[in-house]
Amino acid sequence: MSELISHSQEELAALFRAELLTGVGRSVRHESAAKHASGEALYIDDRLEFPNQLHVYARLSERAHARIVRIDSAPCYAVPGVAIVITSADVPGKLDIGPVFPGDPLLADGNVQYLGQPVLAVAADSLDNARRAALAAIVEYEDLEPVLTVDEALRRRQFVLDSHSQRRGDAAAALAEAPHRLAGNLRIGGQEHFYLETQIASVLPTEDGGMLVHSSTQHPSEVQKLVAAVLGVPLNKVEVDMRRMGGGFGGKETQAAAPACLCAVIARLTGRPTKMRLPRNEDMRITGKRHPFQVEYEVGFDDDGRLHGVHIQLAANCGYSPDLSGAIVDRAMFHADNAYYLGDALVEGHRCKTNLASNTAFRGFGGPQGMLAIEEIMDAIARHLGKDPLAVRKLNYYGKTERNLTHYHQTVEHNLLEEMTAELEASCEYAARREEIRTFNARSPVLKKGLALTPVKFGISFTSSFLNQAGALVHVYTDGSIHLNHGGTEMGQGLNTKVAQVVAEVFQVDVSRIQISPANTGKVPNTSPTAASSGADLNGKAAKEAAQTIRQRLVEFAARHWQVSAEDVQFKNGQVRIRDRYLSFEELVRAAYVGQVSLSSTGFYRTPKIYYDRTQARGRPFYYYAFGMACAQVLVDTLTGEYRLLRADILHDVGASLNPAIDIGQVEGGFVQGMGWLTCEELVWDDKGRLLTAGPASYKIPTVADVPADLRVKLLENRRNPEDTVFHSKAVGEPPFMLGISVWCAIKDAVASLADYRLQPAIDAPATPERVLWGVEQMKRLQQPQGAVHEYAGEST
Amino acid sequence: MIQFLLNRELRSESALDPNLTVLRYLREHLRRTGTKEGCNSGDCGACTVVVGELVAEDGRERLRYRSLNACLTFVAALHGKQLLVVEDLEQRGRLHAVQQAVVDRHASQCGFCTPGVVMSLFALQKNADGPNRERACEALAGNLCRCTGYRPILAAAEQACGAPEPDQFDAAEAETVAALKAIVRGGTELAGNDRRCLLPASVDELATLYTAYPEARLLAGGTDLALEVTQQHRALPLTIHLGGIEELKRLTPGSEAIEIGAATPLADCQAALAAEYPDFGALLKRFASLQIRNQGTLGGNIGNASPIGDTPPLLIALGARLLLRKGETSRTLALEDFFLDYKVTALESGEFIEKILVPRARLGQAFRAYKLSKRLDDDISAVCAAFNLLIEDGRVREARIAFGGMAAIPRRATACERALLGQPFEAAVIERACTALAGDFDPLGDFRASREYRLLAAQNLLRKAFLELHAPALPTRVTDHV
């Protein structure tokens with residue numbers, strides 16, 4: 001690329017006629033794939049350390065709720081290599097690093113609010129020394145009464161933020177008049193992110209009182225803001241740089257900030273480069289997780305199973321502070337309809353305050369919990385009426401022209417539910433397998449099969465509308481190579497690859513010409529977090545704008561220079577045709593440079609059409625919806641509660657895919673992560689508020705054998721996003737997570753077979769083998785009130 | 001001094017802290033940061049490396065490659081071996097075939113688990129004869145990936161194991177074998193930071209050392225011992241490393257019993273035990289990850305005396321015996337008499353397990369074993385059960401039933417056994433035995449399972465064993481569906 005190879009006009013014309021192979025819609029490999037595989041990809045902990053490097057370790061609270069009576073850090077200094085010990089009093093600027101609402105002191109201030117809260121931090125020449133010193137500090141507490149459960153918080157009406165409701169029509173009247181009425185409840189467990197790279201930041205003090213911050217964060221601008229705040233300096237003194245994360249999943253949206261802020265404070269006080277990497281168990285104790293929810297519902301419906309009205313109460317266990325719980329519970333409420341027209345609906349959301357780590361964003365952002373509630377209701381209706389759950393689901397789908405208004409008064413447009421269900425139902429042979437399963441179950445006393453097909457309708461946009469904006473920066477250098485920067489962060493989802501494809505498409509050059517650079521607050525300022533599945537939608541559009549600006553300048557230059565009209569200048573596959581003359585892209589760039597044309601541009605994008613009035617709980621919070629379907633078949637052991645997922649069929653809607661390979665990776669990864677949330681991943685705390693499952697020895701995320709041998713994943717074809725998104729693609733980060741609900745419903749289906757599908761087993765999430773076995777016992781009890789529970793063991797012989 | 005090959009470079013280390021793990025050695029001492037720390041407890045596989053060691057096969061010595069968790073491996077365990085890490089695979093700017101397969105199949109997303117995945121795939125490729133989903137799942141069970149959902153990683157395994165071309169390691173095998181043979185075993189030690197690790201080369205040498213230093217900790221696979229250092233941050237001032245003692249790694253199928261050297265890795269026990277007792281083999285496949293089984297030993301699983309160790313209930317049910325050695329003297333002890341109380345064993349000071357004697361299967365003997373956990377692979381049992389029954393003429397002639405996870409030690413269910421002995425093998429008797437079983441144990445409830453679940457599941461496992469023996473055609477195990 002550096003040297004200009006001269007080609008004949010014929011050769012250039014032939015290249016011009018060929019297709020660009022790395023533009024949008026192509027399965028271009030992840031930009032870092034080879035580096036991942038070779039071990040060359042650098043994560044923050046892999047960066048070369050400075051000779052005077054400091055390592056930070058935080059001493060964590062041993063109490064869930066207590067007043068700090070005394071902190072004596074003198075013993076820490078007896079450990080060799082200790083540079084400094086800090087408590088809340090040592091923070092030079094603002095102590096509170098709450099991202100939206102206050103409530104998150106960087107270090108405990110006067111009292112501790114959860115077991116695992118950082119109380120003091122030690123910086124030493126090694127992590128070992130910092131740890132030894134931190135554990136040597138004397139911290140005395142006076143216990144206060146902790147609140148550890150949603151039940152208790154609800155009883156005390158102890159909330160981190162006010163409760164909120166969304167309504168359409170008169171739910172109470174609809175419930176009173178409905179032919180059938182059911183009430184129930186459901187407990188939904190939380191989920192540890194288990195990003196493979198734990199939280200980490202590395203901070204270097206610079207001149208003018210500034211800081212260069214390397215942070216594994218989904219939100220560099222917020223880290224910049226909070227580092228500036230704890231130091232008491234303006235934002236322009238802080239530069240945050242983020243090349244890649246070893247996974248994020250929402251866990252590094254707000255909660256990456258604390259390590260960066262601690263490092264910055266220590267770097268300021270010592271003048272030394274400072275790094276903080278959380279050991280796995282500390283990471284799991286300190287940071288928040290997916291919110292556990294408690295659901296209470298009442299539902300009214302007719303003989304067919306059609307909803308007349310619902311009243312759904314969603315109560316989230318937020319932990320000790322608001323963090324993002326306001327928006328997370330809102331999103332749970334927005335998705336309490338999933339794919340269904342609820343009839344007259346009242347959806348209430350409570351944000352319960354407990355003495356646990358502050359729960360935070362996690363892929364789906366409350367949506368999964370809201371959707372699980374309504375899917376439970378669909379199953380309960382089906383069992384009550386003796387119908388196939390899929391029939392009840394389809395009956396309640398949003399219509400295309402009527403029954404298409406959500407309970408927050410957004411019209412569901414471009415609804416793909418019916419056609420996608422029809423396609424998947426046919427391709428996965430739902431009806432035939434339903435029959436096959438009935439036959440199998442009738443003959444199999446111990447093992448029972450279950451089947452479920454569940455839909456996903458997920459709203460795309462940040463529900464805080466102002467966050468739907470992004471910036472990008474593109475430079476074209478004189479050799480035709482391109483430097484690309486955008487406000488999004490790469491956490492594995494392939495965002496950099498997709499945005500590079502967008503720029504490649506605009507310039508019609510191969511992606512290998514495009515160098516992606518780390519997200520950096522000095523290049524693109526005031527960015528939104530890479531969250532809400534919005535990364536490619538927002539940053540892709542912004543980068544497209546930037547690239548188009550430069551391309552337009554090139555076109556105008558060429559038209560001027562070669563005396564042609566703008567329409568005569570066309571870019572294709574690395575070449576440019578100027579009426580009947582062919583140039584390589586770099587030749588045009590070189591000519592434009594000599595012609596004194598600016599080859600650098602920013603780009604900016606904001607999502608159109610969206611608005612939301614929270615006081616009225618009405619509006620259009622979502623630009624569009626993404627749809628998906630999954631059908632899961634499981635096998636359950638009624639003696640032990642163990643189960644296996646035997647087969648999964650998935651059809652998912654990504655509009656016109658920017659990169660099918662990457663999108664399928666998101667669909668499969670999301671599905672398995674969602675399945676993990678609802679099956680093997682269980683968080684357990686003791687009655688003192690201590691997390692007992694604080695490491696991978698006790699907290700089990702899915703492994704390779706949990707993925708079914710028969711996994712059939714397909715992207716919906718020929719369905720461009722009707723909205724004007726980047727090349728008419730759709731967001732794909734979060735929606736597939738909720739495909740995992742099919743597995744949970746299939747397990748319950750297998751258990752329900754024990755009572756001829758007439759009873760809905762009370763199996764909370766996650767459906768661990770133990771919970772499944774209790775569901776089995778419940779079915780047997782209800783089915784045979786006085787018979788021996790284990791009779792069949794003898795009968796089968 | 002320890003000596004090992006770092007790929008092809010001979011490293012001699014005499015002043016390393018023996019409590020140093022290979023992971024920290026790589027990342028902090030050598031600044032080779034391709035190998036990642038994901039958990040530092042052997043549960044995620046991000047730090048997977050491959051170790052090549054000499055094995056005798058058909059009269060000649062060749063290299064065998066195995067995956068290990070670098071975070072659980074102390075540097076002394078490298079003595080006499082070849083260490084391969086992710087940076088070693090690329091050659092002259094070209095990715096190795098397993099790396100290329102990962103790239104081609106879109107098998108990395110965030111990339112943090114990828115170096116470990118690559119090394120597990122490398123070991124799989126070296127040991128597999130063609131693509132095989134079951135073996136790929138086994139090789140990857142200890143590699144957590146939070147992004148991909150694993151399907152593309154399995155596709156990469158299939159590509160990499162399809163028709164592997166000889167690579168630079170094959171080309172250098174003779175040279176590597178020669179270099180490893182030149183390293184002197186035995187009689188050596190590693191000392192640094194006021195800590196010592198002794199590396200005897202024979203059982204006699206071990207017996208002498210352990211008599212002289214009964215306070216030393218025996219380091220076999222170290223997969224549990226290492227956690228004291230990496231998780232509890234305790235020092236191990238004196239360890240005796242057993243990995244260099246070939247006699248302790250021998251497996252001899254005798255006419256009465258299979259004799260297994262105490263330091264035989266679990267991976268090496270699998271085939272022999274599976275041939276004798278298929279359920280033992282099936283359980284070993286779920287015994288932690290392959291990385292752990294490559295390193296962890298049968299003697300270690302017993303000597304560790306955990307109430308939730310998975311082999312002791314099976315071995316107790318089978319009537320296994322231990323050959324114990326102290327100084328010059330030896331004795332044998334039934335395994336069921338070995339466990340005295342929580343983490344307390346019958347071992348005397350300076351005494352160690354030399355061999356495990358597992359009786360051969362007899363005609364008419366029925367052996368069934370089950371492991372219950374939240375996750376299929378690499379999880380700790382909530383309940384582990386083993387039923388060893390001899391049924392003749394429809395009656396239970398012998399019954400040895402043992403459980404793990406039900407008490408402070410793995411032990412027999414004696415009341416349950418009594419309820420079965422001499423009785424007809426039928427449902428009503430099984431129900432009575434279930435009632436008796438409830439009196440045998442008073443389990444704890446914890447985050448793995450409640451007390452009630454453990455009791456009911458234990459009873460149901462007896463019912464399941466009965467069903468399987470009574471109606472063998474009946475499908476009873478979801479674990480068959482992987």
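Two strands count as paired here if DSSP finds at least two bridges between them. By that yardstick, strand β21 (residues 569–572) of chain A and strand β22 (residues 575–578) of chain A, in this predicted model, pair up in the antiparallel sense, with four bridges holding the match. Within that pairing, V569(A) sits opposite I578(A) in β22(A). The two strands make a hairpin with two residues between them, and N573(A) in the turn has a positive phi of about 45°.

The pattern then carries on along the chain. β22(A) also pairs with strand β23 (residues 581–584) of chain A, in the antiparallel sense and over four bridges. Here Q575(A) is the residue that stands opposite S584(A) in β23(A). β22(A) and β23(A) likewise form a hairpin, with two residues between them, and R579(A) in this turn shows a positive phi of about 55°. As a reminder, strands of a sheet pair through backbone hydrogen bonds, either parallel or antiparallel.

Elsewhere in chain A there is an open sheet of eight strands, running in the order β3-β5-β1-β12-β9-β10-β11-β20, and its pairing is mixed. β3 (82–86) and β20 (519–520) of chain A take the edges with a single partner strand each, so each has one side with no neighbour in the sheet. Inside the order, strand β1 (residues 54–60) of chain A and strand β12 (residues 274–277) of chain A run parallel to each other, paired over two bridges. In this pair, H55(A) faces K275(A) in β12(A) as its opposite number.

Stepping back to the whole chain, chain A comes out with 20 helices and 29 strands. Its C-alpha atoms fill a box of roughly 90 × 75 × 55 Å along the principal axes. Is the overall size what a compact globule would give, or at odds with it? A compact globule of 797 residues would have a radius of gyration near 28 Å, and chain A has 28 Å, so the two agree.

The contacts and surface fill in the rest. Of the contacts in chain A with a separation of 6 or more, 80% join residues 24 or more positions apart. Buried residues account for 67% of the 797 residues in chain A. What chain A does expose adds up to about 26200 Å², with carbon and sulfur atoms supplying 48% of it. As for charge, chain A carries 83 positive and 95 negative side chains, and the centres of the two sets lie 1 Å apart.

Conventions:
Residues are numbered from 1 along each chain as its sequence is written. Chains are lettered from A and ligands numbered from 1 in the order in which they are written. This is a predicted model: local features need pLDDT of at least 70, side-chain atom pairs count only at pLDDT 80 or more; totals for chains, interfaces and linings use all residues. Side-chain values use heavy atoms; hydrogens and water are left out. The radius of gyration is taken over C-alpha atoms; the globule rule is 2.2 Å times the number of residues to the power 0.38. Buried means under 20% relative accessible area, exposed over 50%, partly exposed in between (1.4 Å probe, protein chains only). Contact means heavy atoms within 4.5 Å. Accessible areas come from the Shrake-Rupley method with a 1.4 Å probe; for residues, only the protein chains shown count as cover. Lys and Arg count as positive and Asp and Glu as negative; His and the chain ends are not counted. The place of a charge is taken as NZ of Lys, CZ of Arg, CG of Asp or CD of Glu.
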